[in-house]
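I wanted a quick look through this model, so these are my notes. Here is the structure I had open.

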Amino acid sequence: MERTLKLSNGVEMPRLGFGVFQIPEGPECERVVTEAIAAGYRLIDTASSYGNERSVGRAVKRAVETGLVRREELFITTKAFIEEMGEVKTREAFERSIDRLGLDRIDLYLVHMPLGDYHGAWRALEALYEAGRVRAIGVCNFGAARLMDLCFTSRIRPMVDQIECHPHYQRTAELEEIRSLGVVPQAWAPFAEGLKGTFTDPVLSRIAEKHGRTTAQVMLRWNLERGLSVIPKTVHAERMKENANVWDFALDDLDRADIAQLDTGAPSMLDVERPSEVKRLYD
Ligand code: NAP
């Protein structure tokens with residue numbers, strides 16, 4: 001399997017990335033990002049709302065200065081949150097993010113939620129892309145219908161849709177719709193954050209044992225084989241290595257059929273179609 005996915009504009013995005021949600025700004029985040037780069041991760045996924053862009057930027061700068069990696073090998077993603085939606089607000093939010101990250105250019109800039117004036121935000125992203133400030137632009141948490149609406153009303157289509165996707169929420173038909181628009185799906189929370197026992201699930205455990213792997217590796221490999229990019233998060237160096245060690249085994253038809261049975265058809269974490277969830281996000 002190729003280690004990168006080609007976006008619609010020809011940019012190669014690493015299939016395996018590293019997420020830093022819920023890692024507080026400061027030395028801990030800098031350590032985690034440094035160790036992730038050392039473990040071979042080349043895509044780092046942050047967001048203005050995570051509050052740790054400065055730490056990510058510091059770790060990236062140090063990794064480049066110490067020769068651990070070249071900047072052009074890295075793929076840095078960040079996102080504009082709900083209160084940053086709108087043509088002017090998103091443009092300003094981008095300047096704040098790039099300043100905190102201390103970078104000349106961001107590799108992927110995303111609209112974080114399909115809420116607020118995301119059409120205005122999208123026009124800002126189009127302008128940033130055309131000005132060469134970002135190598136690619138995209139969205140998060142856009143279901144296929146909303147993504148289609150944005151595609152049909154914008155000059156430049158999103159290149160990536162980052163969505164909740166794991167064995168409990170497989171979205172198989174929706175992924176086809178997303179791909180039919182030329183958009184690459186990227187799975188956030190590929191372990192469902194361990195909710196509802198994903199790491200100890202009996203089906204995943206049996207498959208893991210069969211291949212001499214861990215349930216974490218099975219979950220990542222499964223999404224990779226479905227053509228998604230994945231961005232697992234861990235603060236532990238050993239788990240970083242474990243989660244990156246997914247290239248030299250393959251699931252078979254039986255494994256896929258068993259994992260298909262785990263689909264609940266509903267999100268485990270974020271349901272942007274639920275009024276209470278929308279209210280929570282605005283609170
Ligand atoms: P996740 O990657 O599914 O799960 C992270 C959890 O799994 C952590 O508790 C971690 O614990 C544990 N873990 C990781 N590797 C493990 C292993 N090998 N064995 C056992 N436990 C393991 O959840 P996530 O962090 O929510 O999602 C990943 C990334 O997606 C985020 O960091 C963020 O970048 C992105 N994201 C995006 C959105 C969006 O709206 N766009 C929303 C949520 C997340 P330890 O850290 O203690 O190891």
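Before listing neighbours, I fixed the term: a contact means heavy atoms within 4.5 Å. This is a predicted model, so I took local features only at pLDDT of at least 70 and side-chain atom pairs only at pLDDT 80 or more, while totals for chains, interfaces and linings use all residues. Residues are numbered from 1 along each chain as its sequence is written, and side-chain values use heavy atoms, with hydrogens and water left out.

**Entry: Ser55**

I found Ser55 in helix α2, residues 53-65. (Helices are DSSP runs of H or I, at least four residues, and strands are runs of E, at least two, numbered from the N terminus.) Is Ser55 buried or exposed? Ser55 is buried, at a relative accessible area of 0%. (Buried is under 20% relative accessible area, exposed over 50%, partly exposed in between, with a 1.4 Å probe and protein chains only.) Leaving out residues up to four places away in sequence, Ser55 touches Glu25, Gly26, Cys29 and Glu30. With Cys29, the C-alpha to C-alpha distance is 5.9 Å, though 26 residues separate the two in sequence. I also saw the Ser55 side chain reach the backbone nitrogen of Gly26 at 2.7 Å.

**Entry: the ligand**

Next I went round the ligand. I counted 27 residues surrounding it, the closest being Asp45, Gln162, Glu193, Thr234 and Arg239; to be near, a residue needs a heavy atom within 4 Å. Helix α9 (residues 237-244) gives the most to this shell, with three residues. Ligand oxygen atoms come 2.8 Å from a side-chain N or O atom of Asn141 and 2.9 Å from a polar backbone atom of Val235. A ligand nitrogen lies 3.1 Å from a polar side-chain atom of Glu242. The protein covers 89% of the 900 Å² of accessible area that the ligand has on its own (Shrake-Rupley, 1.4 Å probe).

**Entry: Gln170 and α8**

I then looked up Gln170, in the loop between β8 (160-164) and α6 (172-180). Gln170 is buried too, with a relative accessible area of 5%. Its contacts, not counting residues up to four places away in sequence, include Trp222, Arg226 and Asp263.

Trp222 is among the buried residues of α8, so I checked that helix. Which part of α8 (residues 215-225) is covered? Ten of its eleven residues are buried. They pack against β9 (184-188), α7 (202-211), β10 (229-230), α9 and α10 (253-260). Just after α8, I noted Gly227 with a positive phi of about 90 degrees.

Terms used
Polar contact = N/O pair within 3.5 Å; in protein donor to acceptor, adjacent residues only side chain to side chain.
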